Amino acid sequence: QVISWNEQHKKLTTSDQKGLIIVWMLYKGSWYEEMINNRNKSLVRDMQWNTDGQQICIIYEDGAVIVGSVDGNRIWGGELKTQLCKVQWAPDSKIILFATLTGEIQ
């Protein structure tokens, strides 16, 4: 359902209709699963890598937000009390903007 490319580290991040997230890496001409995460609670609505490719922000329809590092560690997690649909990092990676299903920006 959602796909995001990390240009700096040449990694592809995908999610399916059930919320399964996979980070893929290209090794010797083949794609391999580097990391798998399955929250099993809500649909992944969007995910974006920051400008330098060191962090990814994943948002779920139920308002859950996870920020993870390129090496697979969880940096931060929280929950907004609204349904989310889009996420975008500021160019300096200091601010994350969230769009809701009602058209608000938070």
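In this predicted model, a nonpolar patch on the surface is formed by W5, L26 and W31, which together have about 320 Å² of accessible area. W5 belongs to strand 1, which covers residues 2-6, and with a relative accessible area of 39% this tryptophan is partly exposed. Its position agrees with the division of the strand into two faces, since I3 and W5 lie on the uncovered face of strand 1, whereas V2, S4 and N6 make up the covered one. In a regular strand the side chains alternate between the two faces of the sheet.

Strand 1 pairs with strand 2, which consists of residues 11-15, in the antiparallel sense and over five bridges. Within this pairing, V2 of strand 1 is placed opposite S15 of strand 2. The hairpin made by strand 1 and strand 2 has four residues between the strands, and in this hairpin K10 adopts a positive phi near 55°. K10 is situated in the loop that links strand 1 to strand 2, and its relative accessibility of 41% places this lysine among the partly exposed residues. Most residues other than glycine have a negative phi, and most peptide bonds are trans. The backbone of K10 departs from that pattern, as K10 is a residue other than glycine and its phi is positive.

A positive phi is also found at S93, where the value is about 65° although the residue is not a glycine. S93 occupies the loop between strand 9 and strand 10, the latter comprising residues 96-100, and is partly exposed, with a relative accessible area of 21%. The side chain of S93 is joined to that of N50 by a polar contact of 3.3 Å. N50 itself lies in the loop between strand 5 and strand 6, the second of these being residues 55-60. The relative accessible area of N50 is 5%, which lies under the 20% limit, and N50 is therefore buried. A further polar contact, of 3.1 Å, links the side chain of N50 to the side chain of D52. When neighbours within four places in sequence are left aside, the residues in contact with N50 are Q55, W89 and S93.

Another buried loop position is provided by S42, which is located between strand 4, residues 30-38, and strand 5, residues 44-49. S42 counts as buried because its relative accessibility is 12%. The side chain of this serine reaches the backbone nitrogen of D62 at 3.1 Å. D62 also appears among the contacts of S42 that remain once neighbours within four places in sequence are set aside, the others being G19, Y60 and E61.

Strand 9, made up of residues 84-89, contains Q88, for which a relative accessibility of 43% corresponds to a partly exposed state. Apart from neighbours within four places in sequence, Q88 is in contact with Q48, I95, I96 and L97. The C-alpha atom of Q88 is separated by 21 Å from that of Q17, a residue 71 positions away along the chain.

Definitions and conventions
Residues numbered from 1 in each chain as written. Predicted model: local features only at pLDDT ≥ 70, side-chain atom pairs only at ≥ 80, totals over all residues. Heavy atoms only, no water. Patch = residues over 30% accessible without salt bridge, like charges linked within 9 Å, V, L, I, M, F, W, Y side chains within 5 Å. Areas by Shrake-Rupley, 256 points an atom, 1.4 Å probe, with all protein chains shown as cover. Salt bridge = Lys/Arg side-chain N within 4 Å of Asp/Glu carboxyl O. Buried < 20%, exposed > 50% of the residue type's maximum accessible area, 1.4 Å probe, protein only. Polar contact = N/O pair within 3.5 Å; in protein donor to acceptor, adjacent residues only side chain to side chain. Contact = heavy atoms within 4.5 Å. Pairing = 2+ DSSP bridges.
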